[in-house]
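Let's take a look at the charged pairs in this one, and then at a couple of backbone oddities. Have the sequence and the model open side by side.

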Amino acid sequence: MIIRKLSESVQMYAAMDWERRLFDELIPLPEGTTYNSYLIRGTAKTALIDTADPSYTHAWLESLERMGLKSVDYVVANHAEQDHSGSLPALLAKFPACQVISTPKCKEMLIDLLDIPADKFRTVADGDRIELGGKTLKFVHFPWVHWPETMLTFLEEEKILFPCDLFGSHLASGVERAEEDPRWEESERRYYAEIMMPFRKMIGNGLPKVRALAPALIAPSHGPVIGNPGKAIDLYAEWTSDKMKNLAVIAYVSMHESTLLMVRRLESALASRGVQVEVFKMAGGDIGRLAGLLIDAATVVLGTPVVLGGPHPQVAYAAMLANALRPKAKYAAVLSSYGWGGKAAEALLGLMPAFNPEVLGAVIAKGLPREAEYAEIEKLADRIAEKHRGL
Ligand code: FEO
């Protein structure tokens with residue numbers, strides 16, 4: 001645990017998970033992560049913002065006790081996911097008079113997920129306030145950052161925003177402010193891509209509410225505290241906008257190099273037409289990097305061999321990931337090589353109904369690509385370059 005004083009009234013309790021390498025059994029964490037909670041003392045009442053992952057319950061409670069905490073009036077649950085709410089049952093067992101402050105939806109979810117008794121809750125509407133004595137917490141409903149029940153909490157007198165997952169980063173770092181760590185912006189970008197991108201539209205629509213608060217500090221529940229909120233808000237505004245880059249991402253698997261030959265031809269054909277290309281090998285690849293590339297690419301190309309009648313499972317995974325992340329890309333294409341049969345392209349495109357890009361072509365080779373397929377790849381590059389014109 002790292003305990004930091006953000007002001008005379010606000011302390012940060014950061015459970016530092018330096019070694020965690022996977023989140024939700026899905027998301028790679030090359031820089032670990034943190035679970036932050038915040039203690040706010042008013043002259044009359046004391047409140048906690050969020051708790052800690054269950055793996056840190058004991059250390060978190062022990063830290064609070066060591067810092068002299070004798071009672072808690074409120075614990076704000078901005079989000080029901082267990083990495084922030086998982087220590088609620090232990091907190092409520094220790095402080096039975098503590099009320100859980102949440103949105104009505106979050107109350108329902110916490111009853112389902114953690115079996116917290118309904119009479120422990122005080123639900124708040126958008127814009128509601130709670131007075132702690134010289135300190136005022138304002139609650140801002142902001143669903144879908146990252147689940148449907150989420151809200152932000154704003155400490156009005158000190159202009160500190162507690163947004164839980166929003167603006168977070170999976171970055172275990174000893175710095176006091178995010179800006180002091182050169183890894184932060186990339187961590188922030190990666191976190192946005194992996195966790196927030198599916199909710200891009202809702203987040204973009206909600207950002208003006210955050211700007212209107214004019215926070216002086218953003219204190220998220222993952223990663224370091226952000227001392228330059230304007231920078232984080234601007235980054236999110238850029239990422240959530242509809243503006244695409246002149247970028248094509250090719251994610252591929254090649255078992256015996258036929259698909260790789262097609263990928264390489266498309267790579268050079270696009271580059272020669274002025275299209276920026278990023279090639280990503282799915283086998284052993286860092287999925288977080290792929291997600292980051294998808295933030296503002298205009299075209300996604302999937303390259304796959306046919307395996308037992310269908311696409312290689314790792315390329316099917318790329319298609320499912322793109323479908324889940326719903327990037328802003330508008331265009332897609334497939335490159336595929338087969339030995340004796342199968343329909344990989346149709347199967348892949350069928351895995352992306354929510355993403356639903358315009359398909360600019362599928363080039364299929366029987367075995368090694370030859371002049372006919374290379375000519376098709378050149379035409380595909382023409383179509384992609386044409387669609388990218390003006391980006
Ligand atoms: Fe960090 Fe959605 O929990």
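A salt bridge here is a side-chain nitrogen of Lys or Arg within 4 Å of a carboxyl oxygen of Asp or Glu. Keep in mind that this is a predicted model.

**Salt bridges**

With that cut-off, a search of the whole structure turns up 24 salt bridges. Here are some of them.

| Pair | Closest N to O | Accessibility, acid | Accessibility, Arg |
|---|---|---|---|
| Glu-278 and Arg-289 | 3.1 Å | 24% | 36% |
| Glu-378 and Arg-265 | 2.9 Å | 22% | 27% |
| Glu-62 and Arg-66 | 3.4 Å | 36% | 52% |

Start with Glu-278 and Arg-289, whose closest N and O atoms sit 3.1 Å apart. Glu-278 belongs to strand E16 (residues 276–281) and Arg-289 to helix H9 (residues 287–293), so this pair ties together parts that are 11 residues apart in sequence. Glu-278 is partly exposed at 24%, and Arg-289 is partly exposed too, at 36%.

Salt bridges with shared partners also join Arg-265, Arg-273, Glu-378 and Asp-382 into one network. Within that group, Glu-378 bridges to Arg-265 with closest N and O atoms 2.9 Å apart. Glu-378 comes from helix H12 (residues 371–388) and Arg-265 from helix H8 (residues 258–272), so here the parts being tied together are 113 residues apart in sequence. Both ends count as partly exposed: Glu-378 has a relative accessible area of 22%, and Arg-265 has 27%.

What about a pair inside one helix? Glu-62 and Arg-66 form a salt bridge at 3.4 Å, N to O. These two are four residues apart in helix H1, so about one helical turn separates them. Glu-62 is partly exposed at 36%, while Arg-66 counts as exposed at 52%.

**Positive phi outside glycine**

Now for the backbone. Which residue has phi near 60° without being a glycine? That's Asp-50, with a positive phi value. Asp-50 sits in the loop between strand E6 (46–49) and helix H1 (57–66). Is Asp-50 buried or exposed? Asp-50 is buried, at 2% relative accessibility.

Trp-144 is another non-glycine residue with a positive phi, this time about 70°. Look for Trp-144 in the loop between strand E11 (136–141) and strand E12 (151–155). Trp-144 is partly exposed, with a relative accessible area of 34%.

How values were computed
Residues are numbered from 1 along each chain as its sequence is written. This is a predicted model: local features need pLDDT of at least 70, side-chain atom pairs count only at pLDDT 80 or more; totals for chains, interfaces and linings use all residues. Side-chain values use heavy atoms; hydrogens and water are left out. Buried means under 20% relative accessible area, exposed over 50%, partly exposed in between (1.4 Å probe, protein chains only).
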